[in-house]
Amino acid sequence: MKMIPLAQLVQVNPRMPRGLEDSREISFVAMASVSENGGITRQETRKFSEVKKGFTYFERGDVLLAKITPCFENGKSAFADNLQNQVGFGSTEFHVLRSIPEKIDAHFLYHLVRSKRLLSLGRKSMKGAAGHKRVPADFLETFEVPAWRLDDQIRIAYLLSKAEGLITQRKQHLQHLDDLVKSVFLEMFGDPVRNEKGWEPTTIGQIIKVASGNGLVAKNMNAEGLYKVYGGNGVNGVHSEYMFDSPTLVIGRVGYYCGSVHITEPKSWVTDNALYVKEFLKKTDLIFLKHLLAIHDLNKVAGRAAQPLVSGSRIYPIRTIDIPFENQKAFSAIVGKIEGIKSRYQQSLTDLEALYGALSQQAFKGELDLSRVPLPAQSIAPVAIGDQTTVPEPVVQTVPAIYFPDTGNLLAALENSEARKALIAEWLEAYRQQLGDAPFSVQDFMVAASNRLTKWLQAVVEDEAVADEQKNRLAESYPSNDVGLDVNDYEHIKKWVFEALAAGALTQGGNKVSNRIELTAVQS
């Protein structure tokens, strides 16, 4: 197949149009808001006057690609199809690629910039000092690609999007399993800080003593061997020697991953980027300890210095709960079953990522047989108007407001878990009765319930009739004046949904458009 430079298909870093008014609202996207898994995770609305200098311009429908190390190597990129405003601005470390209408499909372009070949060759083209290397724009402009037909591009993008969707779904399943473990912990033992279940109090320093691991010469980190090396972010490689001949628990000590908790394999090496449990002062199950420390979020004691640090002296004073060993083992047995499921999901994720990689590699070499791939319904293409390229406004589905009945137990729900459980059940039924033909959405309900509780909390704090003692208790429980529904609340909602399905108050069906299961209310 004929090869052509990418500049014939896209505009690289298009110029900002003239005449934008200072008061115009734009969508701002920081580098941290672009995921390594692809996509924009957060955007802010700002005025054009705030961003017109010192930031990168783009529009809805463009593809963003991080150009600086290590963001480029990690695959930070996004198809900006979900911008709240037509015009966007973001980090100066973005390259912007805009598809030329009728020459390249925008979804296809997004997958192209994530391909291994482009990332590999782009890495070799980087220029600049160590730690500040960047992919130059001319690399993208001269990067050669096969001259695919537009309908073949759409077919390829369709296949890769399907595979990527399955990968995202599997990652969500893994996250749900992690959430389930946390939910089980809270159900069995409660919050270890609040200790609402009344366990014997203790401190981390009364349970374990830790020490720093031993460094390894970098060139030996991946020396030939069978033993895994654990650092601040988990497994860093393998080595021919080992420090420990039985599993131990390690805690990330410095940097971005400080406070992360891992259990090592039986024989392993722990570097000086991590702490390890040197001594148990009480009989303690290793799996229970891992999740106890994870719930405490040890990163909170790392400090705000340029180099965050977790040390024994910082974690020892943390107040926690003393759980009998037999209860710890019961929790550990449940976790073992969940980890078995998680292991199968992880293998499935690995297989899906390998499939995506193989499809991508074949597609972008022009070797993929597309003869049996049907042409999917084509999305709305960008429309050229004069010398400008615009993208039609997306259709936004309006979600009806959720109204919760006035109730006398709002204040109790902020302080008491049982009252909160009863309130959530009352609000769920009210939400179900308002649905009509609209689908039941747990996410919409949780957002609306959180907003209602937050507004009530703020009203209580400002109410002079409420006692200072009660206000102090609420301030301690909700330091940010924000009430977010937690894992326990989510479990109550799930239980209510299952009971509603069993009782026939909700029914389960499929959405033919999104190919997802939907819940709808059965109206009496």
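# Exercises on a predicted model

Asp285 caps the N-terminal end of helix α6, with one of its side-chain oxygens lying 3.0 Å from the backbone nitrogen of Ile287. The structure in which this cap is found is a predicted model, and the exercises below concern that model.

**Exercise 1.** Determine which residues of helix α6 (residues 286-296) are buried, and state which residue takes a positive phi just after α6.

*Solution.* Begin at the N-terminal end, where the cap is provided by Asp285. Next, go along the helix itself: the buried residues of α6 are Leu286, Phe288, Leu289, His291, Leu292, Leu293 and His296. Finally, step just past the helix, where Asp297 adopts a positive phi of about 55 degrees.

**Exercise 2.** Describe how helix α2 (residues 106-113) and helix α5 (residues 150-189) are arranged with respect to each other.

*Solution.* Two packed helices are described by the angle between their axes and the distance between those axes. Here the axes of α2 and α5 come within 8 Å and cross at roughly 60 degrees. Angles from 65 to 115 degrees would count as roughly perpendicular and those under 35 degrees as roughly parallel; α2 and α5 are therefore oblique to each other. The crossing of α2 and α5 is left-handed. As for the residues involved, His107, Phe108, Tyr110 and His111 of α2 meet Gln153, Ile156, Ala157, Leu160, Ser161 and Glu164 of α5.

**Exercise 3.** Work out the strand order of the open sheet of 3 strands, and explain why one side of β14 (234-239) and of β17 is left without a neighbour in the sheet.

*Solution.* The order is β14-β13-β17, and the pairing is mixed. Because β14 and β17 stand at the edges, each having a single partner strand, one side of each is left without a neighbour in the sheet. From one strand to the next the twist averages 30 degrees. Strand β13 (residues 227-231) and β17 run parallel and are joined by 3 bridges; Val229 has Trp269, in β17, as its bridge partner.

**Exercise 4.** Is Thr264 buried or exposed, and which side chain makes a polar contact with the side chain of Thr264?

*Solution.* First locate the residue: Thr264 lies in the loop between β16 (261-263) and β17 (268-270). Since buried means under 20% relative accessible area, Thr264 counts as buried at 4% relative accessibility. The polar contact of its side chain is with the side chain of Ser268, at 3.4 Å. Leaving aside residues up to four places away in sequence, Thr264 touches Tyr230, Ser246, Pro247, Thr248, Val250 and Val270.

Conventions: Residues numbered from 1 in each chain as written. Predicted model: local features only at pLDDT ≥ 70, side-chain atom pairs only at ≥ 80, totals over all residues. Heavy atoms only, no water. Helix = DSSP H or I, 4+ residues; strand = E, 2+ residues; numbered from the N terminus. Buried < 20%, exposed > 50% of the residue type's maximum accessible area, 1.4 Å probe, protein only. Polar contact = N/O pair within 3.5 Å; in protein donor to acceptor, adjacent residues only side chain to side chain. Contact = heavy atoms within 4.5 Å. Pairing = 2+ DSSP bridges. Axes fitted to C-alpha atoms, helices over the stretch in contact; angles between N-to-C directions. Parallel < 35°, antiparallel > 145°, perpendicular 65-115°, else oblique. Left-handed = near helix turned anticlockwise from the far one by under 90°.
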